Amino acid sequence: MNWRFLLITSGVLGLLSGLLPVFLGDEYLFTTLPIAMMFSSFFIVPRVKERKLPSAIFVTLLTAVIAIVVFFIYQFATRDTALATANLKTALTNLPLTVLIISLAGSFVFVKTNEWTEKKRAQFEAKAQAKAAEKGKGKSQNDSKGKLRSFRGQKTYVPHATKKRYRNTKKKK
């Protein structure tokens with residue numbers, strides 16, 4: 001498992017979601033935090049090869065912790081201690097359930113969706129390879145341009161005239 005990637009992703013997204021409410025307003029912590037947690041899971045799941053669900057849960061929880069710590073360090077440094085304490089109590093009563101739901105349910109949804117997508121992609125590639133192998137049996141192996149055209153889904157070039165007549169559709173002045 002690439003711990004450096006997990007830590008960098010959660011650190012960057014946690015810092016962003018912790019500092020964004022500083023500039024927009026205190027109430028935006030409750031919206032930026034879940035969004036950052038979902039993005040952290042979204043970035044991690046496709047890139048981790050084994051233990052996807054524990055990695056996604058770890059990253060989402062670490063993103064939430066970093067965001068809350070950064071936000072309240074700023075709160076205690078710049079605001080009145082009583083106001084910062086009241087904001088901290090409000091956040092600690094409202095956020096844990098949200099963090100837990102997003103960490104578990106959001107990560108589970110991302111992992112299962114990713115597994116389903118990989119399975120469908122493998123099925124599609126196997127079907128395309130079987131179709132290409134079946135198509136390639138009857139043709140000669142030396143026609144590289146024909147293979148390239150058939151791979152791209154283009155028709156082969158026929159150098160004879162067609163029966164279809166083309167009319168000039170532009171009106172004369």
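User: What makes residues of H2 such as Leu29 or Ile44 count as buried?

Analyst: Happy to explain! This is a predicted model, and buried means under 20% relative accessible area. In H2, the buried residues are Leu29, Thr32, Leu33, Pro34, Ala36, Met37, Ser40, Ser41 and Ile44. Across the protein chain of 173 residues, 27% count as buried.

User: How do you know that the span of helix H2 is close to the expected one?

Analyst: H2 covers residues 29–44, which is 16 residues. The expected span is 1.5 Å times one less than the number of residues, and for H2 that comes to 22 Å. From its first C-alpha to its last, the helix reaches 22 Å, close to that expectation.

User: Which residues touch the most other members of the largest nonpolar core?

Analyst: They are Leu33, Met37, Phe72, Leu95 and Val99, in a core of 13 residues. H2, helix H3 (52–78) and helix H4 (81–138) are the elements that give two or more residues to this core. The largest share, five residues, comes from H3. As a general point, nonpolar side chains tend to be buried together in soluble globular proteins.

User: Why is phenylalanine 72 called buried?

Analyst: Its relative accessibility is 6%, and the limit for buried is under 20%, so phenylalanine 72 counts as buried. Phenylalanine 71 is buried too, because its relative accessible area is 2%.

User: How many aromatic pairs are there in the structure, and what makes the pair of phenylalanine 71 and phenylalanine 72 edge-to-face?

Analyst: The structure holds five aromatic pairs. In the pair of phenylalanine 71 and phenylalanine 72, the rings are 5.0 Å apart, centre to centre, with 75° between the planes. Rings pair if their centres lie within 6.5 Å, and planes over 60 degrees apart count as edge-to-face, so both conditions are met. Ring pairs also link Phe39, Phe42, Phe43 and Phe110 into a cluster.

User: Why is leucine 15 called partly exposed?

Analyst: Leucine 15 lies in helix H1 (residues 3–24). Buried ends at 20% and exposed begins over 50%; leucine 15 has 42% relative accessibility, so it falls in between and counts as partly exposed.

User: What makes leucine 15 eligible for a surface patch, and which residues make the patch with Leu15?

Analyst: Patch residues need over 30% relative accessible area, and leucine 15 has 42%. The other residues of this nonpolar patch are Leu19, Leu20, Phe23, Leu24 and Tyr28, and the patch is about 600 Å².

Technical notes: Residues numbered from 1 in each chain as written. Predicted model: local features only at pLDDT ≥ 70, side-chain atom pairs only at ≥ 80, totals over all residues. Heavy atoms only, no water. Patch = residues over 30% accessible without salt bridge, like charges linked within 9 Å, V, L, I, M, F, W, Y side chains within 5 Å. Areas by Shrake-Rupley, 256 points an atom, 1.4 Å probe, with all protein chains shown as cover. Salt bridge = Lys/Arg side-chain N within 4 Å of Asp/Glu carboxyl O. Helix = DSSP H or I, 4+ residues; strand = E, 2+ residues; numbered from the N terminus. Buried < 20%, exposed > 50% of the residue type's maximum accessible area, 1.4 Å probe, protein only. Phe/Tyr/Trp six-rings, centres within 6.5 Å; stacked < 30°, edge-to-face > 60°. Core = buried A, V, L, I, M, F, W, Y, C linked by side-chain atoms within 4.5 Å.
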